Amino acid sequence: MAITREDVIYTARLARIALSEEEIEKFTVQLDRIIEFIDKLKEADVKGVEPMTEALGEKNRVRKDIQLKSFDRETILRTAPDRDDNFFKVPPVIEDK
Amino acid sequence: MDLALLSVNELIELYRRKEIKGSEINRTFLERIYKYKDLNAFVSVFDEVENCNEENYLPPVAVKDNICIANKNVTCCSKILKDFISPYDAFVIERLRNKGALFLGKTNMDEFAMGSSTENSVFGPTLNPWDKTKVPGGSSGGSAASVAAGLAPWALGSDTGGSIRQPASFCGVVGLKPTYGVVSRRGLVAFASSLDQIGPITRTVKDAAIMMDIIAGHDAFDSTSSTKTLPQLSTVPEHELKGLKIGLPEEYFIEGIDAEVKTLVMKTVKLLEDAGCIIEKISLPNSRFAVDVYYIIAPAEASSNLSRFDGIRYGYRSSKQEAKKDLKLLYTYSRSEGFGPEVKRRILIGTYVLSKGYYDAYYLKAQKVRSLIRKDFDDAFKKVDIILTPVSPTPAFGIGERVEDPLKMYLSDIFTISVNLAGVPAISIPCGLTSKKLPVGVQFIGKHFSEPLIISTGLAYEKLRGKFPLAV
């Protein structure tokens, strides 16, 4: 077993996903098979090989720091699931004492 | 004359000669979308496509539902984005609009482009127009099915591990995955950013070239968009096949590949050889690790990209009571209720391989092997001009057949994912039908920025092969 039930529960917590008992069982079996499969990678000899982080060998590009036309506030707030006037509305993150 | 059966190139010709109005073309396709609604290829349809500009006209495009069109839904076929309306046009949409194209609607796909069958969709599966008990492939299954069934003359898809080429093969149409960076990703909902590319799904190679001329080009708002530009592709002539060196990677003609697929692909090889191509056996030794590398890198990038779906700024928010009082629970419930099983599975794999203690063994190792995979291609292209492979080991499989076996589903992309990992371009072209009348595709792979060669070779092959039928 590469993946245990506890691994699945812990990983799901990191990813902010709550799993049902049924999902935990199913994902444990499926993820175990997938991780076992990708473990084949251990056989690859990568001594002295650089990691590839992008496809074309281009360097990072940065744009000039100049002001450009952007979305107006209303356009962006229109997509919010909940709002209060000009703000996104979220549950309290600071407790009242 | 049935307009729905014509290529985009032929439609443009008719329109230019004023034999037909743009609105007639658009109406034809719109009517067919409603007539063949049972295929479930479209998840939204834009009736206003009838009102086109007759002065500046381009045949209408079907758009995969992970590409943003201003003031239209972009759902990624996920519950988490089901009601989301895009405030802007993707780069490719902007380009097409400027050329006079309107959009027929948004096409069905696997949720967040994660899948190979278009079954992982909140809108239900798309059916393969050749055989409605089969999947159309995925994740751009709705786009491929719509082009194959004559519901759209051409379509946009996206390809992270084969999501344009594999459904094109399953549906008997042409699909091109461009060189990484050639088409801007601005306005494409991110899945795995180092692999994702938008590309055309069309009836003919020529149509793919016409689309590429419009959508390729540098975009300052995509930091990985290439500054190198492609020459015009739509005017590229057929390639002289005599002397063209074509490589067959021995690792791609393995046991386990469907006998009929192998026969049809080898028939294509014979056809090209008889036309003067030089066929050479080559080796891509590290391709045996491609699926492993892909299923580490793609989920890792996805788990990071999809962290933005938290129920705060856009998308689905859980209405559970506990979620109203606790921010962490709001994130957790919104994501748990909003994402489907395959997306959760990939987020978990990605989070696992990036987590403390596993990063070096999985993610870093995968990035190193990715270098080796690219080097295999670089070495091969010193010997040959084009690499020819099957697109998928099997023809379209049955609906429901692989849903419970994710690993088996992942293996249907075994011949396409190396291309994304290396960043090279590849095209899928129909090469025949099985005894059960299911299409099979052949893949031509070229080196970085070799789109002109891929197109010219594709044109020449298409001529040798003869006209390929549509599904209806």
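**Packing within chain B and against chain A**

Reader: At what angle does helix 14 of chain B run to strand 10 of chain B?
Author: Helix 14 (residues 451–465) of chain B lies across strand 9 (386–390), strand 10 (426–433) and strand 11 (439–445) of chain B. The model is predicted: local features need pLDDT of at least 70, side-chain atom pairs count only at pLDDT 80 or more, and totals for chains, interfaces and linings use all residues. Residues are numbered from 1 along each chain as written, with chains lettered from A and ligands numbered from 1 in written order. With helices (H or I, at least four residues) and strands (E, at least two) taken from DSSP, and angles running from 0 to 180 degrees between N-to-C directions, helix 14 of chain B meets strand 10 of chain B at about 10°.

Reader: Which are the edge strands of the open sheet of chain B?
Author: This sheet has 11 strands with mixed pairing (at least two DSSP bridges), in the order 1-3-2-4-6-5-10-11-9-7-8. Those that pair on one side only are strand 1 (42–45) and strand 8 (278–282) of chain B.

Reader: Which residue of strand 4 of chain B stands opposite V61(B)?
Author: Strand 2 (residues 58–64) and strand 4 (residues 154–159) of chain B run parallel and are joined by 3 bridges. Opposite V61(B) stands W154(B).

Reader: Which element of chain B gives the largest share of the side that touches chain A?
Author: The contact (C-beta atoms, placed from the backbone, within 7 Å) takes 53 residues from chain B and 42 residues from chain A. With 10 residues, the largest share of the chain B side comes from helix 11 of chain B.

Definitions and conventions
Two residues are in contact if their C-beta atoms, placed from the backbone, lie within 7 Å.
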